[in-house]
Every structure is written in C-alpha cells, then in structure tokens.
Amino acid sequence: MRMSAAFLLVFLCLFGSADAARPYIAVLGIAQDAGIPQMGCETPFCKRASENSSLRQMVASLALVDPDSGERWIFDATPDLPEQFDLLKTITNDRTNRLDGIFLTHAHIGHYTGLMYLGRESMNAKEMPVFAMPKMREFLSSNGPWSQLVSIKNISFVAIDDGKSVQLNDRISVTPFLVPHRDEFSETVGYRIKSKDRTAVFIPDIDKWEKFSTPLESLVREAEVLFIDGTFYADGEISRPISEVPHPFVSETVDRLKSLPAAQRAKVIFIHFNHSNPLVQSEPNAVSAVERRGFRVARTGMKIEL
C-alpha cells in the first residue's frame, strides 16, 4: 500500500519514528473475529487466501510495549494468541514469556477465546492479569471452560470500570469506556491508552457512530492516533442483513470526518476487517480512495509510538 509524500510527511510529523525509548503500540492482527480466510468461506478472495499464505490475516489485536521497563500488554485475547505472542516477542526482541496482562474489550469470539491458551493444556500461566469489565468478569467466572482458568489461577482478574483510569506504570495509563455493541454476554469497551503526552484510542467493535454518546470527532481531536472499527467498507458486502451486524461502514466514517483538517484525518487507522472488505483484499481503488482522503489502513507489524 503506497502513501503519497505529502501524507507520509504529515504522518511522520504526527507520530515520528518508533523511538526505542518511548512506549509504543504494535499491531498484532487486523481481521474480524473469524480471521482471513474464514472457515467455510467460498468467495474468490477466501479461496486465494487459502492457497496463498501472504493473504492470510490474524484477528485484530494490539500490543502495548514499554521498552524502558520491558513491560508488554496485549489488547484482546484472539484465537490467534499463540502466533501473536510469538510476533510480539519478535517485535520487542525479547523471546521470554513475559506478558504483563491482557485487556479484553468484550465477549465475542475474536476477542476473548484466546484465553484458552493460558490454561494447563497450553501455557499453564500463573495468575496472568486479565483486565475485564464487571459483566465480562462474571461471564468468565460463571461459564466453563473459562471458569477453570479462574479457579486454578491461570488468570487473575484486574477489575476495570467505565471511565476509570488504570495506571500501569509511571509512563502509561489505560482507561476503558463503554461503547454500544451487541452485548449478548458482556458489555463492550474501547480503550484510551495514554503516555505522558500522547493518547491512542482502540475501538475494534462498535455499532453505528450515531449510537455512541461521544461524537467520533471529539475522539479524533483528543487523541494522537485512533484504531477504529473498519469491519465493512460499504453496504452490500455480505448476504446477511446488515442490521444483524450494524458496524459503521468505512465509507460512512470517511464521509463523516471529511471536513476535519488533514492532520486530524491522518490520525485515523482502520482495523478489524471482514474478509469481504476490499481494504483487506488490497483492492487498489478502495485503498487509494481511503488514503487520498487522508486516512490509514492497519497492517500487521505496524508500530506507533506514544
């Protein structure tokens, strides 16, 4: 995916390079919950991705890294957690099993089921800190096999609540905030990830922006970078009624933010792509349309400093 020189200049001015002394965010995956290709998917793109490993994508997840302390956290425990943990080791050049915690957004399959790899059948973790909201904690504690992770202390909950900041160390804090989504089993949150002078926002899943009490424009203005829901590019991508999965279309988000200055639009990075989304299929027309308007598309391995 190519960027214009002007866009690259704006991006570097905003974020700089990945300075080893500063905390940073690393992208560990970009796909919707089922990954790419999806099981049972017979579309031409899924078939190509089945045959060509370079087209495959892991489920959307971020890592937060503090190079000074060596601490590292993961946002969402996806079904690809083993591969993503290995990628994190490569990114940080630290092949130990250090992981200082996992932040969960909600109880849909792509966002918590990777916790199974912390159990005795796999890593057999010892009281891995899992940052979770009240309903999420109750769901995991009350339903097997997740309850076993709690009872034998593979995981240890760190209670978080809407709007209440968690200080991870003297340089980084994380604040969850409720977002509207299909909350069958738990509430859904996004996160503000803050260093001393920069803020990142992570919202991999949300219903239409109009349902959210906080205007998207306000989030853009207050943060230096935003990883936001890019599940579908436009209506008509899937055969199911979109009312069943009412994510904001990338095209809607782009139109909504089009009047913001270029420096503000450059903060927005789309993530969490369904296999049907032309952005994850690297279709030149769709990608260039988004980038021409000043936005970005997440790539696995991308690093953004805080």
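**Exercise 1. Find which residues glutamine 32 touches, leaving out those up to four places away in sequence, and place glutamine 32 in the chain.**

Solution. Begin with the criterion, since contact here means heavy atoms within 4.5 Å. Under it, and not counting residues up to four places away in sequence, glutamine 32 touches Gln38, Val59, Thr231, His272, Phe273 and Asn274. Next comes the location: glutamine 32 sits in the loop between β1 (24–29) and α2 (44–51), where helices (H or I, at least four residues) and strands (E, at least two) are DSSP runs numbered from the N terminus. Finally, a C-alpha to C-alpha distance of 21 Å separates glutamine 32 from proline 284, and the two are 252 residues apart in sequence.

The model is predicted, so local features need pLDDT of at least 70 and side-chain atom pairs count only at pLDDT 80 or more, while totals for chains, interfaces and linings use all residues. Residues are numbered from 1 along each chain as its sequence is written, and side-chain values use heavy atoms, with hydrogens and water left out.

**Exercise 2. Determine how many disulfides there are, and which cysteines are joined.**

Solution. The rule asks for a pair of cysteine sulfur atoms within 2.5 Å, and by this rule the count is one disulfide. The pair is cysteine 41 and cysteine 46, with an S to S distance of 2.2 Å. The torsion about their S-S bond is about 90°, so the disulfide is right-handed. As for accessibility, buried means under 20% relative accessible area, exposed over 50%, and partly exposed in between (1.4 Å probe, protein chains only). Cysteine 41 therefore counts as buried at 16% relative accessibility, and cysteine 46 counts as buried at 0%.

**Exercise 3. Establish the strand order of the seven-stranded open sheet, and describe how β10 is joined to β11.**

Solution. Two strands pair if DSSP finds at least two bridges between them. The seven strands of the open sheet follow the order β7-β8-β9-β10-β11-β12-β13, and their pairing is mixed. At the edges stand β7 (166–167) and β13 (296–297), each of which pairs on one side only. Within the sheet, β10 (residues 199–203) and β11 (residues 225–229) run parallel and are joined by four bridges; alanine 200 stands opposite valine 225 in β11.

**Exercise 4. Identify the residues with the most contacts inside the largest nonpolar core, and list the contacts of isoleucine 193.**

Solution. A nonpolar core is a set of buried Ala, Val, Leu, Ile, Met, Phe, Trp, Tyr and Cys residues joined through side-chain atoms within 4.5 Å. The largest such core has 62 residues, and Leu64, Ile193 and Phe227 have the most contacts inside it. Leaving aside neighbours within four places in sequence, isoleucine 193 is in contact with residues including Ile25, Leu64, Phe75, Ile172 and Leu306. Another core, of 28 residues, lies apart from the largest one, and among its members are Leu99, Leu118, Leu140 and Leu149.

**Exercise 5. Decide whether aspartate 207 is buried or exposed, and find the polar contact of its side chain.**

Solution. Aspartate 207 is found in the loop between β10 and α7 (216–222). Its relative accessibility is 6%, so aspartate 207 counts as buried. A polar contact is a pair of N or O atoms within 3.5 Å; within protein, one must be able to donate a hydrogen and the other to accept it, and residues adjacent in sequence count only if both atoms are side-chain atoms. The side chain of aspartate 207 makes such a contact with the side chain of histidine 181, at 3.2 Å.
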